[in-house]
Amino acid sequence: MNTLNAMALPLSISLSAVSGLGVLFALLGQPVISGGWFNALLVLAVAAVLALRLPTPWRSGLLALLALTLTLMLRANNEDKIAFYLLLAVLIASFLLPNLTRLVRIALGASILLIAIPLAGLSNSFLFELGIQIGIFAALALGLNLVVGQAGLLDLGFAAFFAVGAYTWGIFGSPQAAQFIGGFPAQGLEGNFLYLFMALAIITAAITGVLIGLPALRLRGDYLALVTLGLGEVVRILANNLDKPLNITNGPQGITPVNRPDVGILADFLRAIGAERIYGRPIDDAIAYAFFFYLLVLVVIGIVLLTNLRLANSRFGRAWVAIREDEIAAKAMGIPLLATKLLAFATGAAFSGIMGAVFAAKQTFVSPESFTLQASIAILAFVILGGMGSIGGAVVGAAAVTVLNLGILKDFSDLLNTWRQTGVSILGYNMSNLPPQLNPAKYERMVFGLILILMMIYRPEGLIPEKRHRVELQEAREEAKEGSRI
């Protein structure tokens with residue numbers, strides 16, 4: 001390892017320089033980047049800059065160079081998903097790696113989120129879709145991380161708050177409200193009221209969190225988990241059955257169409273800056289809405305992240321951690337247990353509620369099937385994978401699972417289908433004989449389950465553990481080593 005660290009600087013510089021040179025050749029029309037070797041070189045370059053020990057100025061500069069290189073590659077070929085995944089890795093690293101200055105973090109983050117991804121997304125809307133999904137799941141993971149990771153309250157019904165936010169806008173942002181409110185102007189309600197109902201979704205979800213928490217938070221441990229699971233299912237079943245005798249939620253059929261805000265101004269702005277040349281054809285509603293929801297999710301996730309960071313360092317955050325570590329000691333120190341727990345539940349629910357409203361507007365459809373127990377378990381898995389109590393870990397966990405499910409496994413399945421159709425032979429086996437039932441995309445849950453099992457065995461603290469958990473685990477390991485010596 002010491003040898004690798006000694007070689008870190010020249011290796012990183014060499015790989016980054018070759019990557020930049022490859023992009024220059026690509027922009028000049030030369031076929032230098034054709035073939036899988038160049039993608040492998042890019043993976044090595046990113047891994048070297050992120051994993052090896054480098055002086056802070058060099059690491060900052062190389063991250064910037066890699067971000068530029070990958071941006072140019074996406075501009076030259078918007079279908080290069082490996083470059084997009086590596087760009088996400090650089091983005092996450094710019095916020096999570098130690099010793100980077102705030103200016104570097106802000107510059108890298110802004111350039112990737114506001115320049116690189118929009119440039120590629122305008123000609124490949126899948127990149128916008130992936131970014132939107134990551135943002136929505138990251139906000140949900142941050143909300144649950146506040147409840148489970150910081151306050152230590154195991155909630156298995158968190159998708160209920162997501163449903164409350166979605167139905168808040170779904171009902172009143174569609175003709176559905178006219179079914180039970182006579183004369184309500186649902187048909188004429190403009191989608192621009194979404195911003196008002198996003199605020200109302202925060203309130204309704206927070207109130208729901210308090211109502212669910214009042215009976216549940218008097219319990220602890222497994223009992224709390226079972227009660228929140230049941231109460232979460234109650235919300236879903238209510239949404240599924242509130243179609244008679246008064247049709248409020250339209251039952252299992254769901255609500256459609258849910259209105260969206262007008263994006264004419266954004267479309268005009270894109271045309272004014274020449275986005276049609278990037279898009280390759282006139283800007284239509286589909287790409288304008290994709291860009292709009294990408295920007296909206298960025299704003300919301302920024303607010304959620306800032307709120308999480310402020311809360312973590314506040315007296316409320318310290319009270320939650322005290323309750324998580326020892327309720328009896330926290331009560332002895334004068335911390336009101338029920339009120340503090342209810343605040344955690346309400347705050348986490350509010351984060352979920354606002355993203356529920358955004359989700360309803362984006363999908364233009366709300367159905368109870370989107371808010372099942374499986375959705376709650378998936379959100380909890382994001383938190384566990386990233387690291388309980390870790391704000392950055394919750395974001396990374398959500399991003400990793402979303403990219404795995406929506407990107408990598410589906411891309412691998414498409415590759416296998418191509419090999420099957422062309423009859424490629426690998427290690428003497430004709431891929432045309434490979435049954436379609438073995439496509440990796442059909443085994444998303446199994447793959448994710450295996451990842452969680454391996455994480456619990458080899459890295460139980462998560463990908464990015466909270467500082468307190470990291471210290472505790474380090475002390476436990478040292479005690480175990482001393483015990484084995486004795």
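In this predicted model, a convenient place to begin is the contact between two helices, where Phe137, Leu140, Ala141, Leu144, Asn145 and Val148 of helix 7 meet Ile379, Leu380, Phe382 and Val383 of helix 17. Sorted by class, this contact of helix 7 with helix 17 comprises 9 nonpolar residues and 1 polar residue, with no charged residues. The axes of helix 7 and helix 17 are 9 Å apart, and the two helices pack at an angle of about 75 degrees. Since angles of 65 to 115 degrees count as roughly perpendicular, helix 7 and helix 17 are therefore roughly perpendicular to each other.

Both helices also take part in a pocket. The second largest pocket holds about 850 Å³ of space. Its lining is made up of 26 residues, and those closest to the centre of the pocket are Phe137, Gln374, Ala375, Ala378 and Asn405. Two or more lining residues come from each of helix 7 (125–150), helix 16 (337–363), helix 17 (373–386), helix 18 (391–422) and helix 19 (444–458). Helix 17 gives the most to this lining, with 7 residues. By class, the lining of the second largest pocket has 15 nonpolar, 7 polar and 4 charged residues.

Asn405, one of the residues closest to the pocket centre, belongs to helix 18. The relative accessible area of Asn405 is 19%, so this residue is buried, the cut-off for buried being under 20%. Leaving aside residues up to four places away in sequence, Asn405 touches Lys410 and Glu444. Phe137, too, is among the residues closest to the pocket centre, and Phe137 is also one of the helix 7 residues that meet helix 17.

Notes
Residues numbered from 1 in each chain as written. Predicted model: local features only at pLDDT ≥ 70, side-chain atom pairs only at ≥ 80, totals over all residues. Heavy atoms only, no water. 1 Å grid on protein atoms, 1.4 Å probe; cavity = no way out; pocket = protein on both sides within 12 Å on 5 of 7 lines; lining within 4 Å. Points joined across faces, edges and corners; volume = space filled by probe spheres on them. Helix = DSSP H or I, 4+ residues; strand = E, 2+ residues; numbered from the N terminus. Nonpolar A, V, L, I, M, F, W, Y, C, P; charged D, E, K, R; others polar. Axes fitted to C-alpha atoms, helices over the stretch in contact; angles between N-to-C directions. Parallel < 35°, antiparallel > 145°, perpendicular 65-115°, else oblique. Contact = heavy atoms within 4.5 Å. Buried < 20%, exposed > 50% of the residue type's maximum accessible area, 1.4 Å probe, protein only.
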